[in-house]
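The following questions and answers examine a single protein chain. Each answer reasons towards the value or name requested.

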Amino acid sequence: MPVGFLSDSQARGYARFNGELTPDQLARYFHLDDADRAFVATHRGDHNRLGVAVQLGSLRMLGIFLEDPGQVPASALRFTARQLSLSDHEVRIPMKPAVDSETKAATHSNFIPAGIPI
């Protein structure tokens, strides 16, 4: 995405979380409704389900898929994990080797059903 019109500090902060999220932000962007839960449930493994759910919330809040889902604030990770009934020791998102961000975004966007609002 072109960011040439942004100042240097704005470009560095673009598509990134700036600290921990407020309870209102968590409820607005990371709440999983029934459609979200059904979509997340189609993925294998707790770590994958957590990663998909975190990406949904991140997409809603930032407007893009995170290149490194491990950079999500701990508050968002815990909030999302509680909705998936995951215990604290299960709250980890494994990282995979880097993929071209445009390819990744196109691939991820193909998996989101039309009924899930972003």
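**Core, helices and contacts**

Q: Which residues touch the most other members of the largest nonpolar core?
A: The model is predicted, and the largest nonpolar core in it has 14 residues. Those that touch the most other members are F17, L21, L26, F30, L50, V72 and A76.

Q: Which elements give two or more residues to this core, and which of them gives the largest share?
A: The elements that contribute two or more residues are α2 (23-29), α4 and α5. The largest share amounts to four residues, and the helix that supplies them is α5.

Q: Which residues does a second, separate core include?
A: A further core, separate from the one above, is made up of six residues. Among them are L32, V40, V52 and L56.

Q: How many aromatic pairs does a search of the whole structure find, and what is the angle between the planes?
A: The search returns one aromatic pair. Its partners are F17 and F30, with ring centres 6.3 Å apart. Planes under 30 degrees apart would count as stacked and those over 60 as edge-to-face; this pair is tilted, with an angle of 45 degrees.

Q: How many residues apart are F17 and F30, and where does each lie?
A: F17 belongs to the loop between α1 (8-13) and α2, whereas F30 belongs to the loop between α2 and α3. The aromatic pair therefore links distant parts of the chain, and the separation is 13 residues.

Q: Is F30 buried or exposed, and what is its relative accessible area?
A: Buried means under 20% relative accessible area. F17 meets this limit at 16%. F30 is also buried, and its relative accessible area is 1%.

Q: Which residues is F30 in contact with, leaving aside its neighbours within four places in sequence?
A: With those neighbours set aside, the contacts of F30 include its aromatic partner F17. The full list is F17, L21, Q25, V54, G57, S58, M61, V72, A76, F79, T80 and Q83.

Q: What distance separates the C-alpha atoms of L50 and R82?
A: L50 is placed in helix α4 and counts as buried because its relative accessibility is 0%. Along the chain, L50 and R82 are 32 residues apart. Their C-alpha atoms are separated by 9.9 Å.

Q: What span should α4 have at 1.5 Å a residue, and how far apart are its end C-alpha atoms?
A: Helix α4 has 17 residues, and at 1.5 Å a residue these should span 24 Å. The distance between the end C-alpha atoms agrees with that expectation, at 24 Å.

Q: Which residues in α4 are buried?
A: The buried residues of α4 include L50, already noted at 0% relative accessibility. The list for this helix is L50, G51, V52, A53, V54, Q55, L56, G57, S58, L59 and R60.

Q: Which helices does the salt bridge between R60 and D36 tie together?
A: The side chains of R60 and D36 meet in a salt bridge, 2.7 Å from N to O. R60 lies in one helix and D36 in another, so the pair ties together parts that are 24 residues apart in sequence. Both residues are buried. The helices are α4 (residues 46-62) for R60 and α3 (residues 34-41) for D36.

Q: Which residue forms a salt bridge with D46?
A: The structure holds two salt bridges, and one of them involves D46, with its closest N and O atoms 2.7 Å apart. D46 and its partner both lie in helix α4, three residues apart, about one turn of the helix. D46 is partly exposed at 28% relative accessible area, and the partner is partly exposed at 23%. That partner is R49.

Q: What is the phi of S85, and why does it stand out?
A: Most residues other than glycine have a negative phi. S85 takes a positive value although it is not glycine. S85 is found in the loop between α5 (74-83) and α6 (101-111), and is exposed with a relative accessible area of 66%. Its phi is near 60 degrees.

Q: How many helices and strands does the chain have?
A: Read along the sequence, the pattern is α-α-α-α-α-α. The chain has six helices and zero strands.

Notes
Residues numbered from 1 in each chain as written. Predicted model: local features only at pLDDT ≥ 70, side-chain atom pairs only at ≥ 80, totals over all residues. Heavy atoms only, no water. Buried < 20%, exposed > 50% of the residue type's maximum accessible area, 1.4 Å probe, protein only. Salt bridge = Lys/Arg side-chain N within 4 Å of Asp/Glu carboxyl O. Core = buried A, V, L, I, M, F, W, Y, C linked by side-chain atoms within 4.5 Å. Contact = heavy atoms within 4.5 Å. Expected span 1.5 Å × (residues − 1). Phe/Tyr/Trp six-rings, centres within 6.5 Å; stacked < 30°, edge-to-face > 60°.
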